[in-house]
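Colleague: I would like a close look at one part of this model, the second largest pocket, together with whatever around it helps me to read it. Please take it slowly and keep the residues in view as you go.

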Amino acid sequence: MPDVTQPPNEATEATGASGRRAILRRALSVGIATSAYGVSFGALAVANGLTVWQACVSSLLLFSGGSQFALAGVLGAGGSVGAAVASSTLLGIRNSVYAVQLAALLRPRGVRRFAAAQLTIDESTAVAVSQDTPAGRSLGFWVTGTTVYIGWNATTLVGALAGSQLGDPRQYGLDAAAGAAFLALLWPRLKQRQPVAVAIAGALVAFSLTPVLPVGLPVVAAAGVAVLAGVFLRDAAPGPGPSSPAPGRGSSPAPAPAGGDA
Amino acid sequence: MTNWIAVLAASAAAFALKLVGYFVPSSWLRHPVAGRVSVLLPAALLGALVVVQTFSVGGRLAFDARIVGLLVAVLALWRRAPFIVVVVLAAGATAATRAAGIG
């Protein structure tokens, strides 16, 4: 429908009926694939001592997979509230950068800014920035964000209820599932040398500080590696810098919010 | 109670971080250092969380069946398995190792 008001140039073609269907398909498939990990969050949260309610409220309000896993993981390991919130919050900083990009691309107004903020995550950003037209970006963002939101919350409840029936989580290897979940979240980010080096350095810092610092703080200390690397390493990784919401597509790769799946 | 405080505080912080991006001028986060740090932070934190979740118990280093789970997860990711499959395989491998009386 928005086509009517736009000049018939190449840019509008992509938002024609077939273009919209393609965007919808992409958005829904990303949304549904992502929703599936809600089950693992729900189960892990309960295995880490959160109640079913706490797991569900995390998904409703916090709504950022990595941050939620970090919060539950640090609390479950016996870390303080401060360490848990710090790990979770540091992981959420990238969402600010996505939000800056999305604000420029979508220009939401009024109350829609608050809705857009809540739906600003890896997946909705990735789908939005990979579209060629304003209408396509908007459609991609809202459909992906909404699908993930509904699916993630529904599957969190399922996972939490299932987890609460299980008994000793160790018997099912659920204590190892958290490490695997973090690795799976990390994996898509390891496409360039710099993030690989920083991930390894962060891992080594956390490992060597584990016997020394209270639970949760080794993870926070590892964040220092990223700050140092960001300040001192100049060359590589243009990264998801709030670069180029350029008109048209530009051949530069999308700022790659490394979504979970894919 | 402490769990509730943590959940609500982390939620408030997460929403504030998302919202701030819609209200600050876009030049604000355009600084190259801010861009680089924001890319590298998740890598450092997730790398740290992988080892802490796999090699520690209550603030001590520990080496047990979870290592088998992590190795299986690496293999599954290498073979491009989807997230949920990676997690389930890792848990299953760890459970099987424990059931076999190792770790």
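Modeller: What follows begins at the pocket and its lining, then moves to the salt bridges, the enclosed space and some further points in both chains.

Please keep in mind throughout that this is a predicted model. The second largest pocket has a volume of about 350 Å³, and 19 residues line it, with Asn48(A), Gly76(A), Ala77(A), Asp175(A) and Arg66(B) lying nearest its centre. Both chains contribute to this wall: chain A supplies at least two residues from each of helix H3 (37-47), helix H5 (65-76) and helix H10 (174-186), while chain B does likewise from helix H2 (32-55) and strand S1 (56-57). The largest share of the lining is that of H10(A), with three residues. Sorted by class, the lining of this pocket holds eight nonpolar, six polar and five charged residues.

Two of the residues nearest the centre, Asp175(A) and Arg66(B), also take part in salt bridges, and each deserves a separate look. Asp175(A) is paired with Arg98(B), and their closest N and O atoms are 2.7 Å apart. This pair crosses between the chains, since Asp175(A) sits in helix H10 of chain A and Arg98(B) in helix H4 of chain B. Asp175(A) and Arg98(B) are both buried. Arg66(B), for its part, meets the side chain of Asp64(B) in a salt bridge with an N to O distance of 2.9 Å, and here again Arg66(B) and Asp64(B) are both buried.

Over all chains the model has five salt bridges, and one of them joins the side chains of Arg94(A) and Asp122(A) at 2.9 Å, N to O. That pair links distant parts of the chain, with Arg94(A) in helix H6 (residues 81-106) and Asp122(A) in helix H8 (residues 122-129) of chain A, 28 residues apart. Both Arg94(A) and Asp122(A) are buried, and the two belong with Arg189(A) to a network of salt bridges.

Besides the open pocket there is enclosed space to consider. The model contains four cavities of 30 Å³ or more, and the second largest of these has a volume of about 60 Å³. Ala77(A), already named among the residues nearest the centre of the pocket, is also one of the residues lining this cavity. Others in the cavity lining include Thr210(A), Leu213(A), Pro214(A) and Val215(A) from chain A, and Val52(B), Ser56(B), Gly58(B) and Gly59(B) from chain B. By class, the cavity lining has six nonpolar and five polar residues but no charged ones, whereas the pocket lining includes five charged residues.

As for the chain that carries H10, chain A has 12 helices and zero strands, and buried residues make up 53% of its 262 residues. One example is Val143(A) in helix H9 (residues 134-164), which counts as buried because its relative accessibility is 18%, under the 20% limit. The C-alpha atom of Val143(A) is 7.1 Å from that of Leu24(A), although 119 residues separate the two along the chain.

Phe63(A) is placed in the loop between helix H4 (52-62) and H5 of chain A, and H5 is one of the helices that supply the pocket lining. Phe63(A) has a positive phi of about 45° although it is not a glycine, and with a relative accessible area of 2% it is buried.

In chain B, helix H4 (residues 83-99) holds Ala95(B) as well as Arg98(B), the partner of Asp175(A) across the chains. Ala95(B) counts as buried at 16% relative accessibility, and its C-alpha atom lies 9.6 Å from that of Val68(B), 27 residues away in sequence. Arg80(B), in the loop between helix H3 (66-78) and H4 of chain B, likewise has a positive phi, of about 60°, without being a glycine; Arg80(B) is exposed, with a relative accessible area of 75%.

Finally, on the surface, Val227(A), Leu228(A), Val231(A) and Phe232(A) form a nonpolar patch with about 370 Å² of accessible area together. Leu228(A) belongs to helix H12 (residues 217-232) of chain A and is exposed, with a relative accessible area of 53%.

Methods:
Residues numbered from 1 in each chain as written. Chains lettered and ligands numbered in written order. Predicted model: local features only at pLDDT ≥ 70, side-chain atom pairs only at ≥ 80, totals over all residues. Heavy atoms only, no water. Patch = residues over 30% accessible without salt bridge, like charges linked within 9 Å, V, L, I, M, F, W, Y side chains within 5 Å. Areas by Shrake-Rupley, 256 points an atom, 1.4 Å probe, with all protein chains shown as cover. Salt bridge = Lys/Arg side-chain N within 4 Å of Asp/Glu carboxyl O. Helix = DSSP H or I, 4+ residues; strand = E, 2+ residues; numbered from the N terminus. Buried < 20%, exposed > 50% of the residue type's maximum accessible area, 1.4 Å probe, protein only. 1 Å grid on protein atoms, 1.4 Å probe; cavity = no way out; pocket = protein on both sides within 12 Å on 5 of 7 lines; lining within 4 Å. Points joined across faces, edges and corners; volume = space filled by probe spheres on them. Nonpolar A, V, L, I, M, F, W, Y, C, P; charged D, E, K, R; others polar.
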